[in-house]
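Work through the following exercises with the structure in view, and try each task before you read its solution.

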Amino acid sequence: MLIDEQGRDRIAATLTEIACEAGEILRRYHGGDCPHVVKPDGSPASLADLAAETFIIAALARNWPDIPVIAEESSYDHPPAPMFFLVDPLDGTRDFLAGNREYSVNIGLIAGNRPIAAALAAPGLGRVWGAGTTAFECPIIDGRPGDARTVGVRPVPSDGPVALVSGRHSDAETMACLASLPVSRTRGIASALKFCLIASGEADIYIRCGPTMEWDTAAGDHVLTSAGGCVVVASGAPITYGHYASHYRNGPFAALGDCRYADRLGLPERSPPARTTPLPT
């Protein structure tokens, strides 16, 4: 299946609507005692994750019945196809359960091994991003995307780049990479929002050496890349998707507003063991 530029833009617009509707489901659970379990890998899965994922899969099937879906909770072990969706219905579940508003809904359409359309909604912040051929941001108004504006990465500030970091997933390798760069300050942000804040010109660098999954990154990757940035691995090449043999697990990567920093990163080839903080009680 070949999708032209206009087709990609139409898909991105529909994905933002689906992501916003899924976000409304999440908002109904946020701030309360949301039932959850701990999966074998130590990560949480909540009733909110499952409800949002069920909605997203049904919506994708109505719009694109021939494109399979790889989703975190229900179809994480399905093989990819030449074109497939990657879905994380609730990225940042730990923060969501702790009452943090920095959680997201991630939906990316992959063709071959790279995304071609995506949406990432931040219902707790009232923002949604999308990208087909270009990246855009909309306010979320009454559970739907408002008027879109084109976004783009910014020039690195004269005093040095601003790096986004996660308080729940720090590791020595990531900190070493950051230490090799002239970072002016760091800012703590949860979930895949980091990609989109860089795409909107609000920060410059996000490095992650610890383990992540493809559905964590595909949507934000495409938004950032379409906004003029890049997401690279240790070799300097763009991160790729559809690695079924690796159970859709990413290696270390860096999300950059200015891709010239790629040569200075020193990313390791492999991720260190996962380290997580306890679930809220």
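**Exercise 1.** Determine how much space lies in the second largest pocket, and describe which residues line this pocket.

*Solution.* Begin with the volume: in this predicted model, the second largest pocket holds about 250 Å³ of space. Next, turn to the lining, which is made up of 13 residues, and among these Val233, His243, Arg249, Asn250 and Gly251 are the ones that lie nearest the centre of the pocket. Finally, sort the lining residues by character, which gives 6 nonpolar, 5 polar and 2 charged residues.

**Exercise 2.** Work out the order of the strands in the open sheet of 5 strands, and explain why strands S12 and S15 each have one side without a neighbour in the sheet.

*Solution.* First, write down the order, which is S12-S11-S13-S17-S15, and note that the pairing is mixed. Strand S12 (185-188) and strand S15 (230-232) stand at the edges and each has a single partner strand, so one side of each is left without a neighbour in the sheet. On average, neighbouring strands of this sheet are turned by 25° against each other when direction is ignored. Then examine one pairing in detail: strand S11 (residues 162-165) pairs with S12 in the parallel sense over 4 bridges, and Ala163 stands opposite Thr186 in S12.

**Exercise 3.** Find which strands helices H4 and H6 lie across.

*Solution.* Take helix H4 (residues 172-179) to begin with: this helix lies across S11 and strand S13 (205-208), and runs at about 145° to S13. Continue with helix H6 (residues 214-226), which lies across S15 and strand S17 (253-256) and runs at about 130° to S15.

**Exercise 4.** State how many aromatic pairs a search of the whole structure finds, and characterise the pair formed by Trp64 and Phe85.

*Solution.* The search of the whole structure finds 7 aromatic pairs. One of them joins Trp64 and Phe85, with 5.4 Å centre to centre and 45° between the planes, and this pair is tilted. To place the two residues, locate Trp64 in the loop between helix H2 (47-63) and strand S3 (69-71), and Phe85 in strand S4 (residues 83-91); being 21 residues apart, they link distant parts of the chain.

Methods:
Residues are numbered from 1 along each chain as its sequence is written. This is a predicted model: local features need pLDDT of at least 70, side-chain atom pairs count only at pLDDT 80 or more; totals for chains, interfaces and linings use all residues. Side-chain values use heavy atoms; hydrogens and water are left out. Two strands pair if DSSP finds at least two bridges between them. Axes are lines fitted to C-alpha atoms, for helices over the stretch in contact, and angles run from 0 to 180 degrees between N-to-C directions. Contact means heavy atoms within 4.5 Å. On a 1 Å grid over the protein atoms alone, a cavity is a set of points where a 1.4 Å probe fits but cannot get out, and a pocket is an open set with protein on both sides within 12 Å along at least five of seven lines; lining residues have an atom within 4 Å of a point. Grid points are joined across faces, edges and corners, and a volume is the space filled by probe spheres set on the points. Ala, Val, Leu, Ile, Met, Phe, Trp, Tyr, Cys and Pro count as nonpolar, Asp, Glu, Lys and Arg as charged, and the others, Gly among them, as polar. Rings of Phe, Tyr and Trp (its six-membered ring) pair if their centres lie within 6.5 Å; planes under 30 degrees apart count as stacked, over 60 as edge-to-face and the rest as tilted.
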